[in-house]
Amino acid sequence: VQLQASGGGLVQAGGSLRLSCAASGRTFSTYNMGWFRQALGKEREFVASTSWSGDSTYYADSVKGRFTISRENAKNTLYLQMNSLKPEDTAVYYCAADRSGTYYYSRTGDPHQYDYWGQGTQVTVSS
């Protein structure tokens with residue numbers, strides 16, 4: 001599967017953005033999905049994940065209550081709604097797919113559980 005992230009941009013602190021991740025192929029609905037981010041000079045970190053059905057989600061503490069992950073399997077698309085953005089949210093955001101079918105292992109964001117990665121989209125939050 002190929003993943004294409006989009007929707008990044010420059011926003012002021014307190015603003016909102018919605019990221020999208022379009023997936024190719026017919027198996028998107030069977031994949032657990034996640035969002036990760038990497039700030040300049042820092043390691044990649046987990047942001048949020050969702051099960052293949054969208055019924056289960058999990059968030060990093062740093063974004064809980066501000067970000068919402070969702071998916072539309074009929075459109076092969078994953079979303080990340082980001083509200084109340086902070087300068088520390090500035091990073092390249094990546095979507096990733098776990099083809100195992102077992103959400104238990106990818107739920108909390110172990111990057112080794114994800115098989116496919118998108119190219120990333122830049123999010124910059126100004127203070």
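This report walks through the fold, the surface, one disulfide and one threonine of a single protein chain.

**The overall fold**

Keep in mind that what you see is a predicted model. The protein chain is built from 11 strands and 1 helix. If you follow the sequence, nine strands come before the helix and two strands come after it, giving the pattern β-β-β-β-β-β-β-β-β-α-β-β. With a radius of gyration of 13 Å, close to the 14 Å that the globule rule gives for 127 residues, the chain is as compact as a globular protein of that length. The C-alpha trace spans about 40 × 25 × 25 Å along its principal axes.

How much of the chain is buried? Buried residues account for 43% of the 127 residues. There is also plenty to see if you look at who touches whom: of the contacts with a separation of 6 or more, 59% are between residues 24 or more positions apart.

**The surface and the charges**

The protein chain exposes about 6,600 Å², and 45% of that comes from carbon and sulfur atoms. As for charge, there are 12 positive and 10 negative side chains. The centres of those two sets lie 5 Å apart.

**The disulfide**

Now for the cysteines. The count comes to 1 disulfide, and the partners are C21 and C95, with their sulfur atoms 2.1 Å apart. The link between C21 and C95 is right-handed, with 65° about the S-S bond. What does the pair tie together? C21 sits in strand 3 and C95 in strand 9, so the bond joins parts that are 74 residues apart in sequence.

Here are the two partners side by side:

| Cysteine | Strand | Relative accessible area |
|---|---|---|
| C21 | strand 3 (residues 17–23) | 0%, buried |
| C95 | strand 9 (residues 91–98) | 0%, buried |

Both values fall in the buried class because that class means under 20% relative accessible area.

**A look at T57**

Let's finish with a threonine. T57 belongs to strand 6, which covers residues 57–59. Is T57 buried or partly exposed? Its relative accessible area is 34%, so T57 counts as partly exposed: that class lies between the 20% and 50% cut-offs.

Which residues does T57 touch? Leaving out residues up to four places away in sequence, T57 touches S49, T50, I69 and Y103. You can also compare T57 with G34, which is 23 residues away along the chain. The C-alpha atoms of T57 and G34 are separated by 9.3 Å.

Notes:
Residues are numbered from 1 along each chain as its sequence is written. This is a predicted model: local features need pLDDT of at least 70, side-chain atom pairs count only at pLDDT 80 or more; totals for chains, interfaces and linings use all residues. Side-chain values use heavy atoms; hydrogens and water are left out. Helices (H or I, at least four residues) and strands (E, at least two) are DSSP runs, numbered from the N terminus. The radius of gyration is taken over C-alpha atoms; the globule rule is 2.2 Å times the number of residues to the power 0.38. Buried means under 20% relative accessible area, exposed over 50%, partly exposed in between (1.4 Å probe, protein chains only). Contact means heavy atoms within 4.5 Å. Accessible areas come from the Shrake-Rupley method with a 1.4 Å probe; for residues, only the protein chains shown count as cover. Lys and Arg count as positive and Asp and Glu as negative; His and the chain ends are not counted. The place of a charge is taken as NZ of Lys, CZ of Arg, CG of Asp or CD of Glu. A disulfide is a pair of cysteine sulfur atoms within 2.5 Å.
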